[in-house]
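Student: Please go through this model with me and say, for each label, on what grounds it is given.

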Amino acid sequence: MSAPVPTPDPTASLTQRYQAVRHFTERLRVPLSPEDCVVQSMPDVSPTKWHLAHVTWFFETFVLKPRAAAGFDYTVFDPSFEYLFNSYYNSVGAQYPRARRGLVTRPDLETVLAYRVHVDRAMERLLESGLSASEQSVLELGLHHEQQHQELLLMDIKHVLFQSPCCPAYSADAAGKHAGPSSGNVPPVEFLGFGGGLKALGHAGEGFHFDNEGPRHQVHLEDYRLASRLVTNGEYLEFVRDAGYSAPLLWLSDGWATVQREGWTAPLYWVERDGEFFEFTLRGLEPLDHSAPVCHVSYFEADAFASWARARLPNEAEWEVAALTLDNPRGNFVESGALHPRPAVDVGLGQMWGDVWEWTASAYAPYPGFEAAAGALGEYNGKFMVSQQVLRGGACVTSQSHFRPTYRNFFYPGQRWMFSGIRLAR
């Protein structure tokens, strides 16, 4: 992962784009042993083997099977996979329980890889024969779906490897290795002003977007200020050392209850040894880089830190309006090979794309006029629009070709194994 990885060219043919996405998933698997690919370290984590199979199941279920029913020559690889590797599509059928995915040792990894080859060969034949407009839309969704699971694969294997007392590296040669607490200073944070008024929110124009990014609509904003960069580990360490995790007045009620129940005293993957903090990364255990963005914090932690800093979290409309003032979405995405957030280097509004997903104060809810798609694919986003918070901006494990400034990620407020961080607002 030390060299930049190829990004699917939006102007490439569907076959080329399909192959690029599928090959990158294989590349992510290469550093892992068969044993690595089976472990499920908590219910939110899925084994690598399951990710490899599920994204393949998507193309088999939503592209190949419907075409086979219309006469295309395709034989299902294994009928039991419809149950084993269905994630949450109730209209397709029952699913094997998510929390028990790590107990499925068979099919083994070799069989799952053979499944991928079987489906890929059929998909390439089908692509050569041509797709209808509706099939192209499903394929496009499937490619972005697999890119989501590439990010999930990296999130999940990081949590799996963290369970070992040896703190093994996923990729010891990843680019951008940090120097620890002695690394260079970051630009001072500035709170940049943005005018309020009636603003447009949501995806507009051509190009792929998920259904939850639209319809485009108007929102009213008051004047606001947004931090020029992300909160750093060093700044968050001040919160930790100021007994932030022991100050109930800083926390939302559910957040304080979570801190007490889970015994949180620092972000996930921070390890304290002899009074010094280290951070577990996909490169292994490293000295905490005080200049890098804080990562793997929950919404509860982000909100408590904002209260401590006498600020707040931005809402998603404030974030999007500010992000769209920038020219193009360049940042530390998975293509950099770093696999970890990097310190800010420029003054002005920065780190809006890549590095870490940024918590917002916005509940994940449908935009005005939202309608879920018909059929099973209508289950993709809409049914999750409750009790979760929106995150914006992409992360160091997100594919740049998958990201848009209107992209709405969402997680429950107590979750923190994703690459999530903090930008303040006032």
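Tutor: Helices (H or I, at least four residues) and strands (E, at least two) are DSSP runs, numbered from the N terminus. With that numbering, helix 6 covers residues 233-241, and just after helix 6 alanine 243 takes a positive phi of about 60°. The model is a predicted one, in which local features need pLDDT of at least 70 and side-chain atom pairs count only at pLDDT 80 or more, while totals for chains, interfaces and linings use all residues. Residues are numbered from 1 along each chain as its sequence is written, and side-chain values use heavy atoms, with hydrogens and water left out.

Student: How many of the residues score at least 70, and where does pLDDT stay under 50?

Tutor: On pLDDT, the predictor's confidence in each residue from 0 to 100, the chain averages 93, and 94% of the residues score at least 70. Over residues 178-182 the value stays under 50, although the model has 16 contacts for them beyond four places in sequence, a contact being heavy atoms within 4.5 Å.

Student: What makes cysteine 167 count as buried or exposed, and what about serine 387?

Tutor: Buried means under 20% relative accessible area, exposed over 50%, and partly exposed in between (1.4 Å probe, protein chains only). Cysteine 167 has 14% relative accessibility and therefore counts as buried, whereas serine 387, at 55%, counts as exposed. Cysteine 167 lies in the loop between helix 5 and strand 1 (191-194), and its phi is positive, about 50°, although it is not a glycine. Serine 387, in the loop between strand 8 and strand 9 (389-392), also has a positive phi, near 65°, and is a residue other than glycine.

Student: Which residues of helix 6 are buried, and what do they pack against?

Tutor: In helix 6 the buried residues are Asn233, Gly234, Tyr236, Leu237, Phe239 and Val240. They pack against strand 5 (270-273), strand 6 (276-281) and helix 8 (299-308).

Student: How do you know that strand 5 and strand 6 pair, and in what order do the three strands of their sheet stand?

Tutor: Two strands pair if DSSP finds at least two bridges between them. Strand 5 and strand 6 have four bridges, in the antiparallel sense, and strand 6 and strand 7 likewise have four antiparallel bridges, so both pairs satisfy that criterion. The order in this open sheet is 5-6-7, with antiparallel pairing.

Student: Why is one side of strand 5 and of strand 7 left without a neighbour in the sheet?

Tutor: Strand 5 and strand 7 (284-287) stand at the edges and have a single partner strand each, so one side of each is left without a neighbour in the sheet. Neighbouring strands of this sheet are turned by 35° against each other on average, direction ignored. Individual bridges include valine 271 with phenylalanine 278 in strand 6, and phenylalanine 278 with proline 287 in strand 7. The hairpin of strand 5 and strand 6 has two residues between the strands, and there aspartate 274 takes a positive phi near 55°. Two residues also join strand 6 to strand 7 in a hairpin, and threonine 281 stands opposite glycine 284 in strand 7.

Student: What is the order of the four-strand sheet, and how many bridges pair strand 8 with strand 11?

Tutor: That open sheet has the order 10-9-8-11 and mixed pairing, with strand 10 (409-411) and strand 11 (420-421) at its edges, each pairing on one side only. Strand 8 (residues 357-363) and strand 11 have two bridges in the parallel sense, which meets the minimum for pairing. Tryptophan 357 has serine 420 in strand 11 as its bridge partner.

Student: What makes a space a pocket, and which residues lie nearest the centre of the largest pocket?

Tutor: On a 1 Å grid over the protein atoms alone, a pocket is an open set of points with protein on both sides within 12 Å along at least five of seven lines, and lining residues have an atom within 4 Å of a point. The largest pocket holds about 810 Å³ of space. Its lining has 32 residues, with Tyr88, Arg98, Leu152, Phe410 and Phe411 nearest the centre. Helix 5 gives the most to this lining, with seven residues, while helix 2 (48-69), helix 5 (133-162) and strand 10 each supply at least two.

Student: What is the omega of the peptide bond from arginine 106 to proline 107?

Tutor: That omega is near 10°, and the bond is cis; proline 107 is in the loop between helix 3 (81-84) and helix 4 (109-129). Glycine 214 and proline 215 are also joined by a cis peptide bond, with omega about 0°, and proline 215 is in the loop between strand 2 (197-201) and strand 3 (217-221).

How values were computed: Axes are lines fitted to C-alpha atoms, for helices over the stretch in contact, and angles run from 0 to 180 degrees between N-to-C directions. On a 1 Å grid over the protein atoms alone, a cavity is a set of points where a 1.4 Å probe fits but cannot get out, and a pocket is an open set with protein on both sides within 12 Å along at least five of seven lines; lining residues have an atom within 4 Å of a point. Grid points are joined across faces, edges and corners, and a volume is the space filled by probe spheres set on the points.
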